[in-house]
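Got the model open in your viewer? Let's walk through it one selection at a time.

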Amino acid sequence: MSRISKEEVKHVANLARLAISEEEADMFTKQLDDIITYAEQLNELDTADVEPTTHVLDLKNVMRKDEPRKWLEKEDVMNNAPDHKDGQFKVPSILE
Amino acid sequence: MSLFDYTLKELQEKLHNKEVSVTDLVEESYQRIEAVDGEVKAFLTLNKEQALKQAEELDAARGKESAALFGLPIGVKDNIVTKGLRTTCASQFLDNFTDPLYDATVVEKLADAKSVTIGKLNMDEFAMGSSNENSSYYATRNPWNTDYVPGGSSGGSAAAVAAGEVFFSLGSDTGGSIRQPAAFCGVVGLKPTYGRVSRFGLVAFASSLDQIGPITRTVEDNAYLLEAISGHDTMDATSADVDVPKFTEALTGDVKGLKIAVPKEYLSEGVAPEVKEAVMSALRKYEDLGATWEEVSLPHSKYAVATYYLLASSEASANLARFDGVRYGVRTQNAETMLDMFKRSRSEGFGDEVKRRIMLGTFALSSGYYDAYYKKAQQVRTLIKNDFEQVLEDYDVIIGPTTPTPAFKVGEIVDDPLTMYANDILTIPVNLAGVPGISIPCGLSSDGLPIGLQIIGKHFDENTVYRTAHAFEQATDFHKQRPSLGGAQS
């Protein structure tokens, strides 16, 4: 039984903001299905009482003083952008 | 003989006594790159003009200056941000990112220590890969035999050191990306304890696993470089506020009474016989040196690869959302809407492996699958971490091979993601547990390719890892072996 359908792959690609062709969808469906099938070996383990690990160090909330400090110059930041105008990032229309 | 065959201490003495200049070292670096990098393809971007200028300035201070890495040529993996020096992560998405606006914390620390950055090193795109074949530019080759891969993702970093193009380098390790290429290229590579080195300015792949670490020819030089780059950093909330010991002071050469654990899972059927033999021979050497070893079990080892790919890909899917074509990088042409612009920019900018992992991660985090995949993997991560903590309660270090086999041929498994992933089966658990691990050379295969010995220690106990590695190095000559690349090396 396949773990992920071509339709689901297309849905996931959309969620991930990736445009994929039909051929790519076929390829990724096969490859992701293999990987997910492989990952299902984790179900051999009973983890009902196991705490998940998000982080290996015993860190709690890390706080610092909320003090402004000098960082990058706005003009330099804009110069790295593909498009900008009047000190703001310029993008294609957001609404269709 | 290359100047880079000397140790850091020897070179510092030569610089101090004015037997060599920083300019000599920097020129040697670029000459060697000129001679062999057409074959090795370790570098993506060179910093020649800037480096020669810096060399001249440092030469003026020779004799008086005593910074830790004074005048030594270093290569930096291309996912570590360097102010004003192109940083691409070997991705077409960042092909035009020629003017980064700040330095990573480790790069600032290198500047304080007065090393000279020679250039930026090739890698698998966004550090996703085990062979460097996922670089969107060209695949770095193994200096020992250019038909073979150098490993990955820090393949350029390991190959450049092995080929004598730089004195040492920085890599990053998320599931083995320093140790596996160090093993394949016959050099020394350490993944520090998670939190030891600041990740600020390391382009994030999987934030709970990524660590920057040193790649060198000798263990002592590795310890010097780690001393220079370690320490708490307020710019990285996950960097640990712990003391940085003088790692070099731990290198006593003495391992009498050291208790070594050898996981039986690390010498199982998937491990090539000659790799196993090299590790057994290393263990006999440790016995001669007065250490003892016993077989132990890390029972959840077989689940590490699946756990890793779910967790690392999930974190990557979130981290790589920042590449949207708005603030930096390459934007697609003539997109009608913003959504179209996002999708096309990302699809054109990312290679297949990056897309595959972003989609796997998005899937594992998506509604309806989160508990079954992402949370499940986090729980198994706890079991893997507990395995390590239990064994390391009773033993000083864990020893095994770094990789199941020596380097494989270019193109051999590039189309088979799962087989490629299995390469990292012995290094991945170390990242999941967050403990430090080193790979050092311990032999050559019948094909003349290096074999790596992996030494794993307790959280923040790089000292014992280094002491163990150094004692072996002192007692053997594997670290003195050199590839015959370009015919110039002894």
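Start in chain B with B:Ser153, which sits in the loop running between strand S3 (116–121) and helix H5 (155–162). Keep in mind throughout that this is a predicted model. Show the backbone here and look at the bond leading into the serine: the peptide bond from B:Gly152 to B:Ser153 is cis, with omega near 5 degrees.

**Positive phi, no glycine**

Next, select B:Lys18. The loop between helix H1 (8–16) and helix H2 (22–40) of chain B holds this lysine. Although B:Lys18 is not a glycine, its phi is positive, about 60 degrees. Is B:Lys18 buried or exposed? With a relative accessible area of 52%, B:Lys18 is exposed, because the cut-off for that class is over 50%.

Now jump along the chain to B:Phe460, in the loop between strand S11 (450–456) and helix H15 (462–475) of chain B. Here too you'll find a positive phi of about 60 degrees in a residue that is not a glycine. B:Phe460 has a relative accessibility of 25% and counts as partly exposed.

**A covered helix**

Select residues 219–229 of chain B to bring up helix H7. How many of its eleven residues are buried? Eleven of the eleven are, so this helix is mostly covered. Colour by residue type and you'll see that the buried residues of H7(B) include B:Glu220, B:Asp221 and B:Glu227, along with B:Val219, B:Leu225, B:Leu226 and B:Ile229. After H7(B) comes B:Gly231, with a positive phi near 130 degrees.

**Two crossing helices**

Now show helix H9 (residues 304–319) and helix H11 (residues 352–365) of chain B together. Their axes are 7 Å apart and the packing angle is about 100 degrees. That makes H9(B) roughly perpendicular to H11(B). To see the contact, put side chains on B:Tyr309, B:Leu310, B:Ser313, B:Ser314 and B:Ser317 of H9(B). On H11(B), the partners to display are B:Arg357, B:Ile358, B:Leu360, B:Gly361, B:Thr362, B:Ala364 and B:Leu365. Sorted by class, the contact between H9(B) and H11(B) has six nonpolar, five polar and one charged residues.

Zoom in on one of these, B:Ser313, which is found in helix H9 of chain B. B:Ser313 is buried, with 0% relative accessible area. What is B:Ser313 in contact with, leaving aside its neighbours within four places in sequence? The list is B:Tyr308, B:Arg357, B:Leu360 and B:Gly361.

**Across to chain A**

Pull back until both chains fit on screen. At the boundary, 63 residues of chain B are in contact with 55 residues of chain A. As for the area, the size of an interface is often given as the accessible area lost when the parts come together. Chain B and chain A bury about 5,500 Å² between them, and 69% of that is on carbon and sulfur atoms.

The count of salt bridges between chain B and chain A is two. For one of the pairs, select A:Glu44 and B:Lys302: they form a salt bridge whose closest N and O atoms are 3.4 Å apart.

**Last stop**

Finish in chain A at A:Glu73, in the loop between helix H2 (22–39) and helix H3 (74–79). A:Glu73 counts as partly exposed at 41% relative accessibility. Draw a distance from A:Glu73 to A:Ile94, 21 residues apart along the chain: their C-alpha atoms are separated by 27 Å.

Technical notes. Residues numbered from 1 in each chain as written. Chains lettered and ligands numbered in written order. Predicted model: local features only at pLDDT ≥ 70, side-chain atom pairs only at ≥ 80, totals over all residues. Heavy atoms only, no water. Helix = DSSP H or I, 4+ residues; strand = E, 2+ residues; numbered from the N terminus. Buried < 20%, exposed > 50% of the residue type's maximum accessible area, 1.4 Å probe, protein only. Axes fitted to C-alpha atoms, helices over the stretch in contact; angles between N-to-C directions. Parallel < 35°, antiparallel > 145°, perpendicular 65-115°, else oblique. Contact = heavy atoms within 4.5 Å. Nonpolar A, V, L, I, M, F, W, Y, C, P; charged D, E, K, R; others polar. Buried area = accessible area lost by both parts, 1.4 Å probe. Salt bridge = Lys/Arg side-chain N within 4 Å of Asp/Glu carboxyl O.
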